[in-house]
Amino acid sequence: MRHFAFLAIALVIISSVGAISATGQATERRADRNQRQLDRQASRMINRADYYTVDGWTQVNPWVKQYNIPPVGPVRRAAAGVANATERAVESGVNTVDRALFGFNDANARLTSDVWFYDYYTYAPSYYVAPGDNATAYSSAIRYYDHDHDGVYESTFNYRDSDKDGKFDEFDRYDYTSVDAKSETDPSPQDARRHSISGKIESKKNVRVNEVDSLIVRVKQEDGSSVFVDLGPAERMDEVKLEENASIKATGPMERVGELDVLMAETVVIAEKQFRIERAMPSYSGTVQEVKQFKVSNADHTLVVVETSDGNQLIDLGPASALKVKLAPKEKIVVYGMPVRMHDHRVVMASRFDFDGQTHSVVRWK
């Protein structure tokens, strides 16, 4: 009988050792896979300093002078002054480096009932691309970095999920001017999943996000956990009656803000009505003054000078071969895009534009 007992104990020990061994192997495989992803990410990085080359600037400079387009410099100094004044006035409760990125407007805010979320936060503008409306993951994401916080972006990162495992593992970097390779302060997106949450609204709060008043809600899910949801510009949600205990469903990417994870809602269902959250790029409307072509990465791009209410603006409409319309002076246009650096001037890198009653997408990133 004792032989059977010893045999049973031996089998338990062997089984336990086998389980531990299997767990260790799984951990090693996971670590090895993560390392391969990091290696692949590093090997796939393309650092294209001076995306707008000296030759390209040589072509553009005469138009800059002709249309009296101001340099970025004065704008940068004004923006830096405002940023410094804000930093001196705001006590965030976090370290000095992070103070301008997220925190509270009042040093005593942690003693109030609104402490459940920050009073403000900033993050690098990010745009996620899904292969379809019902996709559960994003195929790519584009993030713009403003290294000197002057409102004009110096770099763009294009992230991809190459093996479709729900994690971004490759990226290309495009620099519009020479910058420190480690100068970005926002965390790179790693989670490529398209998250969906549902539950009851516990509380809501207006928060200043990238200088825009936005609405944040805390949602209690069925499992008892809470999740923070950014519903975008608050004024766009005025028509929606958001009350505590109201049911809500939301879908979108998850971003890290300080110590918190925040769902950046793309679609929201409230009271059985679905709303699409538009996180629009800056827009520029006006009259076309000039249409030219210049070289960007060995391809001809279409550059237009548009007279806006704030003066003349340079706009890059992408590869000329992909432009399906013909623009001419005196025509009206509305452009949506991010302002980036070209030498010491600003150029809007158009994502789409409205012209002649239609919206046209700019095919730029592959």
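In the predicted model, the side chains of Lys205 and Asp119 form a salt bridge, with N and O 2.9 Å apart. Lys205 belongs to strand E8 (residues 195-209), whereas Asp119 is located in the loop between strand E2 (102-103) and strand E3 (120-121), so the pair ties together parts that are 86 residues apart in sequence. Both Lys205 and Asp119 are buried. Across the whole structure, 14 salt bridges were found.

A further pair involves Glu266 and Arg194, whose closest N and O atoms are separated by 3.1 Å in a salt bridge. Glu266 is placed in the loop between strand E13 (260-264) and strand E14 (267-270), and Arg194 in the loop between strand E7 (170-175) and E8; the pair therefore ties together parts that are 72 residues apart in sequence. Glu266 has a relative accessible area of 15% and counts as buried because this value is under 20%. Arg194 is likewise buried, with a relative accessible area of 14%.

Asp316 and Arg364 also meet through their side chains in a salt bridge, at an N to O distance of 3.3 Å. Since Asp316 lies in strand E18 (residues 311-319) and Arg364 in the segment after strand E21 (358-361), this pair ties together parts that are 48 residues apart in sequence. The relative accessibility of Asp316 is 0%, and the residue is buried; Arg364 is buried as well, at 13%. In addition to these pairs, a network of salt bridges links Arg160, Glu170 and Asp172. In general, side chains of opposite charge can pair when their charged atoms come close.

Lys332 is part of strand E19 (residues 332-342). With a relative accessible area of 58%, Lys332 is classed as exposed, because this value is over 50%. Beyond its neighbours within four places in sequence, Lys332 contacts Gly286, Thr287, Asp354 and Phe355. With Thr287, the side chain of Lys332 makes a polar contact of 2.8 Å. Glu307 is 25 residues from Lys332 along the chain, and the C-alpha atoms of the two residues are 9.6 Å apart.

Ser214, in strand E9 (residues 212-220), is buried, with a relative accessible area of 5%. When residues up to four places away in sequence are not counted, Ser214 touches Lys205, Asn206, Val207, Val209, Asp230, Gly232, Pro233 and Ala234. Lys205, one of these residues, is the salt-bridge partner of Asp119.

The nonpolar interior was examined next. The largest nonpolar core comprises 24 residues, and Tyr52, Val60 and Leu314 have the most contacts inside it. Two or more residues of this core come from each of helix H2 (54-66), strand E5 (140-145), strand E16 (283-296), strand E17 (299-308), E19 and strand E20 (345-355). Of these elements, H2 makes the greatest contribution, with 4 residues. For Val60, the contacts outside its neighbours within four places in sequence are Phe294, Leu303, Leu314 and Met342. Apart from the largest core lies another core, of 22 residues, including Val229, Ile248, Leu263 and Ile277. In soluble globular proteins, nonpolar side chains tend to be buried together.

Technical notes
Residues numbered from 1 in each chain as written. Predicted model: local features only at pLDDT ≥ 70, side-chain atom pairs only at ≥ 80, totals over all residues. Heavy atoms only, no water. Salt bridge = Lys/Arg side-chain N within 4 Å of Asp/Glu carboxyl O. Buried < 20%, exposed > 50% of the residue type's maximum accessible area, 1.4 Å probe, protein only. Contact = heavy atoms within 4.5 Å. Polar contact = N/O pair within 3.5 Å; in protein donor to acceptor, adjacent residues only side chain to side chain. Core = buried A, V, L, I, M, F, W, Y, C linked by side-chain atoms within 4.5 Å.
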